[in-house]
Amino acid sequence: MHIDDRFDELIDTLTGFQQTWLVCLGVELGLFEQLRAAGHDGLTAEELAKRSGCDPGPVSAWVSAADAHDLAELRDGRLVLDEDTAMILLDEARPEFLGGQFVHSVIASLDWSGMVDFFRSGVPVRARPDRYRQSIERLTVQDVAVFFQEALAELPQLVGDLAAGGRVVDIHCGGGRWLIAMARRFPALELVGLEFEPDSVARARGNVAAAGLADRIDIRHGDVTVLESTSGFNLAYFQYALHQLDDAPAALRTAWTALRPGGRLLVLDWALPSTLQELRTRQGELILGVQLDELYQGTSLVTRDGMRAWFAKADLPDPLVIELPSGATLVVAERA
Ligand SMILES: C[S@@+](CC[C@H](N)C(=O)[O-])C[C@H]1O[C@@H](n2cnc3c(N)ncnc32)[C@H](O)[C@@H]1O
């Protein structure tokens with residue numbers, strides 16, 4: 001490759017970093033939301049600032065940058081957002097939702113000030129601030145969409161069983177978004193959420209109460225060991241959580257024991273690429289970016305074989321491992 005072409009590619013990466021910040025600001029401040037509401041007419045910078053409750057100075061710079069970065073288009077001084085971009089950045093119920101990934105990338109990297117030290121010492125930072133967990137909640141709304149649109153499509157029998165009712169537990173439920181979506185989709189279910197971080201417990205309880213579902217969703221403070229004193233679940237679910245635990249096989253074993261006969265254990269997670277070919281895809285780039293953040297905090301994503309190995313180590317039956325269209329991995333085991 002000619003050096004000029006390589007230079008251009010790397011400049012793209014540099015401006016991509018700026019673009020990530022522009023998107024994050026646009027999502028967090030509601031700028032995209034206001035532009036979408038304005039439709040084809042778009043908004044001037046002044047109108048956008050007023051409607052989003054921001055200062056016109058920086059918003060004016062953001063408007064120019066948004067056009068320069070092809071996030072939206074300036075037409076006669078009015079910024080117009082196209083519907084495809086709006087859907088990808090704003091629609092949380094779509095598997096293509098990326099707004100949360102932009103916010104999470106920015107928030108996570110704010111904590112990387114110790115990354116150089118981590119590379120030298122190999123000693124991770126264990127504690128992340130509350131804002132990090134809030135950004136995880138934004139990130140994993142995409143997982144909720146993937147679960148409903150891709151995972152359930154693979155499991156018609158489960159859909160039928162859940163429609164009839166039963167008990168479901170979300171282990172490490174974060175802000176409780178999956179539980180709320182499940183309660184709405186399956187009105188006969190009773191649901192339990194376990195969460196270990198106090199700030200996430202408070203957010204989950206707040207979200208559940210705001211959804212008017214406090215009578216059906218019980219958020220308990222604790223980790224998977226809470227399940228040692230309870231049983232009879234039809235479904236135990238780990239969403240983007242198992243790989244972060246110190247002892248994933250032990251957690252699987254405990255969850256398995258809490259299932260009733262015929263009950264299912266589901267894991268939804270994102271696998272590390274297993275081959276060089278997989279590594280060199282867009283998905284590979286994204287996953288390896290996330291992996292750096294995982295390692296920094298002392299956790300790690302694993303390959304699909306790694307997920308199977310957790311089940312073997314827990315002495316559970318070999319699970320069904322399904323690659324979903326989004327690139328997420330679904331692991332399923334059913335108790336006889
Ligand atoms: C990335 S969050 C996923 C939350 C939620 N399932 C979601 O999808 O939004 C990972 C979860 O693992 C929990 N966790 C991390 N380390 C843990 C540990 N050592 N013991 C128990 N829970 C832990 C956190 O509290 C958090 O709920």
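A search of the whole structure, a predicted model, finds 24 salt bridges. The exercises below examine some of these contacts.

**Exercise 1.** Determine which parts of the chain the salt bridge between Asp-111 and Arg-131 links, and classify the burial of each partner.

*Solution.*
1. The closest N and O atoms of Asp-111 and Arg-131 are 2.2 Å apart, which lies within the 4 Å limit.
2. Asp-111 occupies the loop between α6 (99-110) and α7 (115-121), whereas Arg-131 belongs to helix α8 (residues 130-154); the two are 20 residues apart, and the pair links distant parts of the chain.
3. Asp-111 has 14% relative accessibility and therefore counts as buried, the cut-off being under 20%.
4. Arg-131, at 35%, counts as partly exposed.

**Exercise 2.** Locate Arg-133 and Glu-197 in the chain, and identify the network to which they belong.

*Solution.*
1. The side chains of Arg-133 and Glu-197 form a salt bridge at 3.8 Å, N to O.
2. Arg-133 lies in helix α8 and Glu-197 in the loop between β4 (189-195) and α11 (198-210), 64 residues apart.
3. Arg-133 is buried at 15% relative accessibility, while Glu-197 is partly exposed at 24%.
4. Both residues belong to a network of salt bridges that also links Glu-92, Asp-130, Glu-137, Arg-177, Asp-199 and Arg-203.

**Exercise 3.** For the salt bridge between Glu-323 and Arg-304, decide which partner is buried and which is exposed.

*Solution.*
1. The closest N and O atoms of this pair are 3.5 Å apart.
2. Glu-323 sits in strand β8 (residues 320-323) and Arg-304 in helix α15 (residues 304-313), 19 residues apart.
3. Glu-323 has a relative accessible area of 55%, so Glu-323 is exposed, the threshold being over 50%.
4. Arg-304, at 13%, is buried.

How values were computed. Residues are numbered from 1 along each chain as its sequence is written. This is a predicted model: local features need pLDDT of at least 70, side-chain atom pairs count only at pLDDT 80 or more; totals for chains, interfaces and linings use all residues. Side-chain values use heavy atoms; hydrogens and water are left out. Helices (H or I, at least four residues) and strands (E, at least two) are DSSP runs, numbered from the N terminus. Buried means under 20% relative accessible area, exposed over 50%, partly exposed in between (1.4 Å probe, protein chains only).
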